[in-house]
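Welcome to a short set of exercises with worked solutions. Open the model in your viewer and try each task before reading on.

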Amino acid sequence: MAFAGVPPVFDDRTRDACVVVPGIMGSVLEDTATGRPLWGVDLPMLTGALSGEALFAALHADEREQAADADTARRAPLTRIRATGLLAKPWWLPVFQGLDPYRETTRALQGVALAPEAVAPFPYDWRLAVSYNGALLAREARAHLERWRERVAVVPGWRAAGEARPRLVFVAHSMGGLVVRAALEQDPELAADTRAVVTVGTPFLGSAKSVLALNLRHAQAKPERLARRVQAMAATLPGVHDLLPGYRCLDRGLDVERLTAGDVARFGGDRDLAARSLAERARHRRNGFVLPGHRAVVGEAQPTVQTLKEQHAGLSVVAGRHYAFDVGDDGELVRDPATGIPARRDASGDGTVHMPSARSGIDAVHYVFGQHGTLMCHDEVLRQIRRIALERPQGANLGDGTGDGPGLETPHLGGTLGQPLTLTATGLDTPAGVSLSVHSATTGRPGHPLTLRRDLDRTDGVLSACFTADAPDLYRVTLDTGRHTPLTQLVLVTPPDA
């Protein structure tokens, strides 16, 4: 019988179940026994209690937490601290710097899903090992997919919109991409039920910044008390050690070496945690597990620490360097034929993860001018996430992958009240038509625009401006060129005695 009615026109929606996986620092944590918030709740925690002993002491990983792995998660998950949700307010830590909330990412996916409940957040205790959290994610993602499939099956309009069974789409930021990889590697059936994995700024080869966080005490960073407590906490956390760079990153002048567990211990980390993490890096280099339907969003053009150089060997101080080393197809360092010196080049990145790490082994790469901690609310990144969720063609790259674009650099240790902060814009020929402004990220209180000038102390022709805060606060720095999506970064200004 011929159809005599009006054919339905369905909204452009995905039938799949989506899971948002945040990065390090990106989940709210609380004490399970008392309900006391430990991370990511409000400004007083950030500017006041963040500098106190009690908060950091509670966040230190104990022996059971340090030893926890995938088997632990499957047999007897830990209960001392629980993750209650994704970060809902801007956050900040020395070295790791600013992190924006994930609500824009969740809203973007809900806007293209059949219903909001198709999108599930996966908060996790980022202090713990990637393998442990991967096992938890595998269990939660399977449960979410089955619930969603049951829901789709009983709604007539959704059934009519397509016959394919819903699958999974993971959208992961930073360390979250490593957690997704662990989950799918541990559970091949879940991998088969996954249509796409979108990673944003994921350090597949690690991030040199993790070493700088472990080295804060040796480096005698300021503000001293805050830096000392962050370092002491980081030294106990498997999650921080799982971000250690597995590529050749230790500049020895005429050679470049991979980190050893002994190096990490000398720089301020934990030898056993480092050995486990670096062994896992080596295993991934050998095995080369491929994420299903993988697309990587990679930040570029931002000043990014890529390698490390040891200074003051007696004190075991390391300094970050904004260059990487070329490696040939044979795995050997590329050297200048005339001098034998390894070839150094600025590979750029998103301010935390350099481009080779974020795009390692991936063919489908989309580039964007953006800072690591703000990528998940970047308009162009959100557009790309929506397109992938809808299975549309990938479209043009968000950048060109050359690193030739605007960059923003802020003090990675934050600032002290009463002392000027130097804010730097890179990749620009002139300050004409460019604005740099600062406002409170907690109250929205606007600040005045700053004047960018050529930095005479720098040989690379960058533009810079000085900002002196009038109150301790978390500030958002915004660089708008008028031609690209504005770049933003967060910076914490603390009292002199913090």
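## Exercise 1: an open sheet

In this predicted model, β22 and strand β23 (residues 463-467) form an antiparallel pair over 2 bridges.

**Task.** Find the bridge partner of arginine 453 in β23, then work out the order of the strands in the open sheet.

**Solution.**
- Step 1: Start from arginine 453, whose bridge partner in β23 is serine 464.
- Step 2: Follow the pairing across the sheet; its 4 strands run in the order β18-β20-β23-β22, with antiparallel pairing.
- Step 3: Pick out the edges, which are β18 (407-409) and β22 (453-454), each pairing on one side only.

## Exercise 2: a strand with two partners

**Task.** Decide whether strand β24 (residues 473-480) is largely enclosed or open, and trace its pairing with β21 and β25.

**Solution.**
- Step 1: Count the buried residues, taking under 20% relative accessible area as the cut-off. In β24, 7 of the 8 residues are buried, so the strand is largely enclosed by the rest of the structure.
- Step 2: Look at strand β21 (residues 435-440), which pairs with β24 in the antiparallel sense over 6 bridges. Serine 437 has threonine 478 of β24 as its bridge partner.
- Step 3: Turn to β25, which pairs with β24 over 7 bridges, again in the antiparallel sense. Here tyrosine 475 is bridged to valine 491 of β25.
- Step 4: Inspect the hairpin of β24 and β25, with 6 residues between the strands; glycine 482 there has a positive phi near 80 degrees.

## Exercise 3: a covered helix

**Task.** Which residues of α12 are buried, and what covers them?

**Solution.**
- Step 1: Of the 11 residues of helix α12 (residues 224-234), 8 are buried, so this helix is largely enclosed by the rest of the structure.
- Step 2: List the buried ones: Leu226, Ala227, Arg229, Val230, Gln231, Ala232, Met233 and Ala234.
- Step 3: Identify the cover, which includes the helices α2 (53-59), α10 (209-214), α11 (216-219) and α13 (238-241) and the strands β5 (91-93) and β25 (487-494).

## Exercise 4: two crossing helices

**Task.** Describe how α5 passes α17, and sort the residues of their contact by type.

**Solution.**
- Step 1: Take the axes of helix α5 (residues 103-110) and helix α17 (residues 379-389): they come within 9 Å and cross at roughly 35 degrees.
- Step 2: Assign the handedness; the crossing is right-handed.
- Step 3: Name the residues in contact: Glu104, Thr105, Ala108 and Leu109 from α5, with Leu382, Ile385, Arg386 and Ala389 from α17.
- Step 4: Sort the residues of this contact into 5 nonpolar, 1 polar and 2 charged.

## Exercise 5: into the core

**Task.** How many residues does the largest nonpolar core have, and which residues does leucine 137 contact?

**Solution.**
- Step 1: The largest nonpolar core has 145 residues. Its largest share, 10 residues, comes from helix α6 (residues 130-153).
- Step 2: Leu137 is one of the residues with the most contacts inside this core. Beyond its neighbours within four places in sequence, leucine 137 contacts Val19, Val21, Phe122, Phe170, Val179, Val180 and Ala183.

## Exercise 6: an unusual phi

**Task.** Is methionine 25 buried or exposed, and where does this residue lie?

**Solution.**
- Step 1: Methionine 25 lies in the loop between β1 (17-21) and β2 (27-31).
- Step 2: Its phi is near 75 degrees, a positive value in a residue other than glycine.
- Step 3: Methionine 25 has 3% relative accessibility and therefore counts as buried.

Definitions and conventions: Residues numbered from 1 in each chain as written. Predicted model: local features only at pLDDT ≥ 70, side-chain atom pairs only at ≥ 80, totals over all residues. Heavy atoms only, no water. Core = buried A, V, L, I, M, F, W, Y, C linked by side-chain atoms within 4.5 Å. Buried < 20%, exposed > 50% of the residue type's maximum accessible area, 1.4 Å probe, protein only. Contact = heavy atoms within 4.5 Å. Axes fitted to C-alpha atoms, helices over the stretch in contact; angles between N-to-C directions. Left-handed = near helix turned anticlockwise from the far one by under 90°. Nonpolar A, V, L, I, M, F, W, Y, C, P; charged D, E, K, R; others polar. Pairing = 2+ DSSP bridges.
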